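Visitor: I should like to understand how the descriptive terms applied to this structure are justified. Please set each value against its criterion.

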Amino acid sequence: MEKAAIIVAPGFEKGEIFTIVDIIRRTNVHCDMFGFDNIVEGGHQITVQVNDVLNDKIKDYDIAILPGGYGGAHAMRDSYQVIEIL
């Protein structure tokens, strides 16, 4: 079974996280969210509890998806760990 990983960074755009996860799961692709912390706050003060904190396990997934949002995009750009994974 294919596996998709969504990287959830502080400042994420809620529509870009939840819509992507919903669509992927409807296709019966395994989808997990990896966050900078266990609970991540988005750009509109909405929080999400992720499946796992960002770590090397994400390298076992078939695809890593980086949703937008100004804060989230900047956080991922500035993260050495995200750059290393990509």
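Visitor: Why is isoleucine 58 called buried?

Guide: This is a predicted model, and in it isoleucine 58 has a relative accessibility of 4%. Buried requires under 20%, so isoleucine 58 counts as buried.

Visitor: Where is isoleucine 58 found, and which residues does isoleucine 58 touch?

Guide: Isoleucine 58 lies in the loop between β5 (52-53) and β6 (63-65). Leaving aside residues up to four places away in sequence, isoleucine 58 touches Ala5, Ile7, Phe34 and Ile85. Threonine 27, by comparison, is 31 residues from isoleucine 58 in sequence and 20 Å away in space, C-alpha to C-alpha.

Visitor: What makes up the largest nonpolar core?

Guide: That core has 13 residues, and Ile6, Val8, Ile17, Met33 and Val48 have the most contacts inside it. Two or more residues come from each of β1 (3-8), α1 (14-26) and β2. A second, separate core of 11 residues includes Ile7, Phe34, Ile58 and Val82. In soluble globular proteins, nonpolar side chains tend to be buried together.

Visitor: What does methionine 33 touch?

Guide: Not counting residues up to four places away in sequence, the contacts of methionine 33 include Ile6, Val8, Ile17, Val21 and Val48. Gln49, Val50, Asn51 and Asp52 are also touched by methionine 33.

Visitor: Why is aspartate 32 said to have no salt bridge?

Guide: The nearest side chain of opposite charge, arginine 25, is 4.9 Å away from aspartate 32. A salt bridge requires a distance within 4 Å, so the criterion is not met. Aspartate 32, which is found in strand β2 (residues 30-35), is nevertheless buried.

Visitor: How do you know that aspartate 32 makes polar contacts, and with which side chains?

Guide: The side chain of aspartate 32 is 2.8 Å from that of histidine 30 and 2.4 Å from that of tyrosine 61. The cut-off is within 3.5 Å, and both pairs are therefore polar contacts. Beyond four places in sequence, aspartate 32 touches Ala4, Ala5, Ile6, Asn51 and Tyr61.

Visitor: How do you know that the radius of gyration agrees with that of a compact globule?

Guide: For 86 residues, a compact globule would have a radius near 12 Å; the protein has 12 Å, so the two agree. The C-alpha atoms fill a box of roughly 30 × 25 × 20 Å along the principal axes, and 40% of the residues count as buried.

Visitor: Which pattern does the protein follow along the sequence?

Guide: The pattern is β-α-β-β-β-β-β-α-α, with three helices and six strands.

Definitions and conventions
Residues numbered from 1 in each chain as written. Predicted model: local features only at pLDDT ≥ 70, side-chain atom pairs only at ≥ 80, totals over all residues. Heavy atoms only, no water. Helix = DSSP H or I, 4+ residues; strand = E, 2+ residues; numbered from the N terminus. Buried < 20%, exposed > 50% of the residue type's maximum accessible area, 1.4 Å probe, protein only. Lys, Arg positive; Asp, Glu negative; His and termini not counted. Polar contact = N/O pair within 3.5 Å; in protein donor to acceptor, adjacent residues only side chain to side chain. Contact = heavy atoms within 4.5 Å. Core = buried A, V, L, I, M, F, W, Y, C linked by side-chain atoms within 4.5 Å. Rg over C-alpha atoms; globule rule 2.2 N^0.38 Å.
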